[in-house]
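Welcome to a short tour of one protein structure. Take a moment to turn it around on your screen, and then read on.

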Amino acid sequence: MAKTIPESFKIFKSNLEITNLQAETVSIRQKNVRAAVENDLDVSDSFLSGSYSRQTLIGPLKQADVDIIVVLDPKYFYNYDGKNGGQAGLLDLLKRALKKTYPNTPDISRNGQAVTIQFADFVVDVVPAFSRQGGGYLIPNSITQVWLSTDPKQHVQIWSAENQNHNGDLVPLIKMLKAWNRTTSTFLRSFHLETMVLQILNGVIIADFPSGVRYVFDKGRDYITKKNPDPAGYGDDVGGYLNTEDKIKNAASRFETAYARALKAEDLAFRGYISDAINMWRMVFGDYFPAYG
């Protein structure tokens, strides 16, 4: 509970973190999963990817995905590139390898781009990849039966550099906006939202968290209607899943509502109605945000 706006955002920031014990569990688990793949397949490299590696993952851990990239020997690419079941066949190969180490884990399944292991405490997505000529990696999409270009390592470098440019305030602000997204039924994909925040705040000073999130909500109303390119230079639009006018309008409406509430919260705080302002911020961020008191 909090009695001032700065105090409430400080608690809010803390509420989004995973615990040290959870971080230790993730560290041990991801090492074991990587070893499981390496025991059965020829792996040239493996590393953490996704929001955990960009340090933008928010708690609770049970609702989070931990992504692992395993870079395979090129022989598997030539064996599955349009052959032997294609991209889906490659994912099935990876699934069989993981089953050898986790035979009693009932929920190991493949989705479009990864093999998902549903542990009791959190989910691990294992993505097979190949080194890409010219840099980056190729990962499979078993739904569209194509190879997607990406570079998660470059994403980590970009996010880290931008966070430093914002004196360490960018990553916490991204987490706050991801909490808003989760509170509103996770309509936006995590990487898309993060990319938008990165672009919106490029060259912008984050004076404080209330004005920072309000600024993103404001600019997001327009940004969500445009293409948002991958900051690493792969693909033309990370928001391509918003592929109908209704989806785009829905997303823009969510930003509009959040912006209006953020403006109201700031006005209430300016006029000294702190408890009402905190309640308004709770309408934006849900239970992640502390109550007044």
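How many nonpolar, polar and charged residues does the lining of the second largest pocket have, by class? The lining has four nonpolar, five polar and two charged residues. Please keep in mind that this is a predicted model.

**The two pockets**

Let us stay with the second largest pocket for a moment. Its volume is about 180 Å³. Its lining includes Glu17, Ile18, Thr19, Asn20 and Ala23, and also Ser51, Tyr52, Gln55, Thr56, Leu57 and Lys175. Two elements, helix H2 (20-38) and H3, each give two or more residues to this lining.

Now turn to the largest pocket, which holds about 1700 Å³ of space. It is lined by 43 residues, and those closest to its centre are Asp67, Gln113, Arg189, Ser190 and Phe191. Several elements give two or more residues to this lining, among them helix H3 (50-54), strand S2 (65-72), strand S5 (123-131) and strand S6 (137-141). Strand S7 (146-150), helix H6 (152-165), helix H7 (170-183) and helix H8 (190-200) are also on that list. Sorted by class, the lining of the largest pocket has 15 nonpolar, 18 polar and 10 charged residues.

**A closer look at Lys175**

Lys175, one of the residues lining the second largest pocket, is found in helix H7. Is Lys175 buried or exposed? Its relative accessible area is 8%, under the 20% cut-off, so Lys175 is buried. Setting aside residues up to four places away in sequence, Lys175 touches Leu16, Glu17, Gln55, Thr56, Leu57 and Ile58.

**Where two helices meet**

Next, find H8 and helix H9 (residues 209-223). These helices pack at an angle of about 110°, and their axes are 10 Å apart. Angles of 65 to 115 degrees count as roughly perpendicular, and H8 and H9 are therefore roughly perpendicular to each other. On the H8 side, the residues in the contact are Met196, Val197, Gln199 and Ile200. They meet Tyr215, Val216, Lys219, Gly220 and Tyr223 in H9. By class, the residues of this contact divide into six nonpolar, two polar and one charged.

Helix H8 also holds His192. With 2% relative accessibility, His192 counts as buried. Which residues are in contact with His192, leaving aside its neighbours within four places in sequence? They are Ile224, Asn228, Val238, Gly239, Tyr241 and Leu242. One of these, Asn228, is 36 residues from His192 in sequence, while the two are 7.6 Å apart in space, C-alpha to C-alpha.

**Val284 and its surroundings**

Further along the chain, Val284 sits in helix H11 (residues 274-285). Val284 is buried, with a relative accessible area of 2%. Not counting residues up to four places away in sequence, Val284 touches Trp180, Thr183, Phe217, Ala258, Arg261 and Ala262. Gly235 makes a useful landmark here: Val284 and Gly235 are 49 residues apart in sequence and 32 Å apart in space, C-alpha to C-alpha.

**Some spots in the loops**

A few loop residues are worth a visit too. Most residues other than glycine have a negative phi, and most peptide bonds are trans. Against that background, look at Gln145, which is not a glycine but has a positive phi of about 60°. Ser185 is not a glycine either, and has a positive phi of about 70°. The peptide bond from Gly59 to Pro60 is cis, with omega near -5°. Pro60 is placed in the loop between H3 and S2.

Gly135 is another loop residue, lying between S5 and S6. The C-alpha atoms of Gly135 and Thr150 are separated by 9.0 Å, and these residues are 15 residues apart along the chain.

The table below lists loop residues with their places and their relative accessibility.

| Residue | Place | Relative accessibility |
|---|---|---|
| Gln145 | loop between S6 and S7 | 60%, exposed |
| Ser185 | loop between H7 and H8 | 53%, exposed |
| Gly135 | loop between S5 and S6 | 26%, partly exposed |

To close the tour, return to the largest pocket and find Arg189, Ser190 and Phe191, which are among the residues closest to its centre. From there you can follow H8 to its contact with H9, where Met196 is one of the residues that meet H9.

Notes
Residues are numbered from 1 along each chain as its sequence is written. This is a predicted model: local features need pLDDT of at least 70, side-chain atom pairs count only at pLDDT 80 or more; totals for chains, interfaces and linings use all residues. Side-chain values use heavy atoms; hydrogens and water are left out. On a 1 Å grid over the protein atoms alone, a cavity is a set of points where a 1.4 Å probe fits but cannot get out, and a pocket is an open set with protein on both sides within 12 Å along at least five of seven lines; lining residues have an atom within 4 Å of a point. Grid points are joined across faces, edges and corners, and a volume is the space filled by probe spheres set on the points. Helices (H or I, at least four residues) and strands (E, at least two) are DSSP runs, numbered from the N terminus. Ala, Val, Leu, Ile, Met, Phe, Trp, Tyr, Cys and Pro count as nonpolar, Asp, Glu, Lys and Arg as charged, and the others, Gly among them, as polar. Axes are lines fitted to C-alpha atoms, for helices over the stretch in contact, and angles run from 0 to 180 degrees between N-to-C directions. Angles under 35 degrees count as roughly parallel, over 145 as roughly antiparallel, 65 to 115 as roughly perpendicular and the rest as oblique. Contact means heavy atoms within 4.5 Å. Buried means under 20% relative accessible area, exposed over 50%, partly exposed in between (1.4 Å probe, protein chains only).
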